Amino acid sequence: MTHAQVENTRVDWEGALVQRACAGDTRAFERLYREHSGRVYGLCLRMTRDAQLAEDCTQDTFINAWRALPKFETRSSLSTWLHRIAVNVSLAKRRKSTPVEPAAEDKEAGAPGEWTLETPVEVREIETAIGELPEGARDALVLHALYGYSHVEAAQMLGIAEGTCKAQLHRARKLLRERLGVEVN
Amino acid sequence: MTAPQDSERVSSLRELPQAIEPARDLWPQIEARLNSIQAAAPAASGATIPLRRSGARLRWLAAAAMVASVAVGVWIGRSLLPGSSGPLSAARQPPAITGAANPVSSQATAADVAYVNDPRYQRQRAALLRSLQAQLATMPPETRDKVKTSLAAIEKAKEDLEQALGKDPGNALLQELLVNTYQDEMRVLTDVHEASNSGRGI
């Protein structure tokens, strides 16, 4: 079976599960949860930096998804749709505990999705450095550089202007460079 | 792809794992909340199912569907699969509230799918389909449309699943979904049949 065939089967499989979940089948929804919970939790954890809060966000993401499932169009990516919900939930939860951080726009053109390091760095070290970034810069970096969303998509998810998103990425790159001591390209 | 360990070195941010498993299984709590939502707003959740059960005239159908669901399950268990505790019976049960992962491959077997080819099932289905046309004719247009829409959605789901199974015949999840879809169809046909025979009309 080719990769494309496998991907088609996966999409068909997911579409069938979505259909059943829309009909009230929680078992089908559990399958979707099992398939996507790791990436959703990973995103929530990186945005909140708090395991308990990330668990709450993950639960709320799937509850909100269950409620909104009839509106989901099976032609689009369920993963992206869940990530949008997860970002909204994480931002809302975070706003309750911390003030919104103002972000300055600049003319940074933005970088391609692939952020490479001049010298390899330990996973633990880079995760810590990402976790210590200011919220706005971290959000943009996580969505763009880790999860591969474009500037436009990341900005839409975060509810900010594209220019602001680029500025945050510029800031994230600068801070990572300082903290890791290696060039980030 | 295996996620890199903490001590492993990466040279790109894309090499970092996107998925991180939470320390505990979150599904039981999610499921409990979903059940609360469904219990609190049965009308709202009913609005999303293929056969809409809104309106006083259709309220009885929910009860009939429940009876039919059990009847179909028992009928299949008794007459088609040797031993009613077989995998099909397991497939009929609601999801267990446990912390264990629910591996797809352990849920369904080829026997689940094979039952739809059983001559007795086929005869029963054919008989229900034959009487369906006459029963539809006696229904109010609104109800008739709902039944037709429901059956069309089920038919489409069957086609999609069979197509997907054609690409991946060994996929136990698809097999299970197909069985569930056939059961949904049987449930709707039985509901309509019983409603008409009860003389209450729809």
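## Confidence in the model

What pLDDT does chain B average, and what share of the residues score at least 70? The average for chain B is 64, and 54% of the residues score at least 70. That is a useful place to start, as this is a predicted model. Within chain B, the mean confidence is lowest in helix 4 (residues 87–92), at 34, and highest in helix 1, at 89. Residues 43–112 of chain B have a pLDDT below 50, and this stretch still has 107 contacts in the model beyond near neighbours in sequence.

Now for chain A. Its mean pLDDT is 85, with 84% of its residues reaching 70 or more. Among the elements of chain A, helix 3 (residues 51–68) has the highest mean, 95, and helix 1 (residues 3–22) the lowest, 71. Here too there is a stretch with pLDDT below 50, at residues 100–112 of chain A, and it has 26 contacts in the model beyond near neighbours in sequence. For the complex, the predictor gives an ipTM of 0.79 and a pTM of 0.57.

## Chain A by itself

Chain A contains eight helices and one strand. Reading from the N terminus, the order of its elements is α-α-α-α-β-α-α-α-α, so you can find the strand by counting past four helices. Chain A has 185 residues, and 44% of them count as buried. If you take the contacts in chain A with a separation of 6 or more, 68% are between residues 24 or more positions apart.

One residue to look up in chain A is A:R49, in the loop between helix 2 and helix 3. Phi of A:R49 is near 60 degrees, a positive value in a residue other than glycine. Most residues other than glycine have a negative phi. Is A:R49 buried, partly exposed or exposed? A:R49 counts as partly exposed because it has 16 C-beta neighbours inside 10 Å.

## Chain B by itself

Chain B also has eight helices and one strand. From the N terminus on, its elements run β-α-α-α-α-α-α-α-α. Of the 202 residues in chain B, 26% are buried. In chain B, 68% of the contacts with a separation of 6 or more are between residues 24 or more positions apart.

## Where the two chains meet

How many residues of each chain are in contact with the other? There are 45 from chain B and 46 from chain A. On the side of chain B that touches chain A, at least two residues each come from strand 1 (9–12), helix 1 (27–40), helix 7 (141–167) and helix 8 (172–197). Helix 1 of chain B gives the most, with seven residues. By class, this side of chain B has 24 nonpolar, 11 polar and 10 charged residues.

Strands take part in the meeting as well. Strand 1 of chain A (residues 116–122) and strand 1 of chain B pair in the antiparallel sense, over three bridges. To locate this pairing on screen, look for A:T116, whose bridge partner in strand 1 of chain B is B:S12.

## Helix 1 of chain B and its partners

Let us follow helix 1 of chain B to two helices of chain A. Its axis and that of helix 2 of chain A (residues 26–48) come within 11 Å and cross at roughly 145 degrees. The crossing is right-handed. Helix 2 of chain A brings A:T26, A:E30 and A:Y33 to this contact, while helix 1 of chain B brings B:W27, B:I30, B:E31 and B:L34. Sorted by class, these residues are four nonpolar, one polar and two charged.

The other partner is helix 3 of chain A. Here the axes of helix 3 of chain A and helix 1 of chain B come within 10 Å and cross at roughly 35 degrees, in a right-handed crossing. Which residues meet between helix 3 of chain A and helix 1 of chain B? From helix 3 of chain A come A:Q59, A:F62, A:I63 and A:W66, and from helix 1 of chain B come B:Q29, B:I30, B:R33 and B:L34. This contact has five nonpolar residues, two polar and one charged. B:I30 and B:L34 appear in the contact with helix 2 of chain A and again in the contact with helix 3 of chain A.

Notes. Residues numbered from 1 in each chain as written. Chains lettered and ligands numbered in written order. Predicted model: local features only at pLDDT ≥ 70, side-chain atom pairs only at ≥ 80, totals over all residues. Contact = placed C-beta atoms within 7 Å. Nonpolar A, V, L, I, M, F, W, Y, C, P; charged D, E, K, R; others polar. Pairing = 2+ DSSP bridges. Axes fitted to C-alpha atoms, helices over the stretch in contact; angles between N-to-C directions. Left-handed = near helix turned anticlockwise from the far one by under 90°. Buried ≥ 20, exposed ≤ 12 C-beta atoms within 10 Å, placed from the backbone. pLDDT = per-residue confidence, 0-100.
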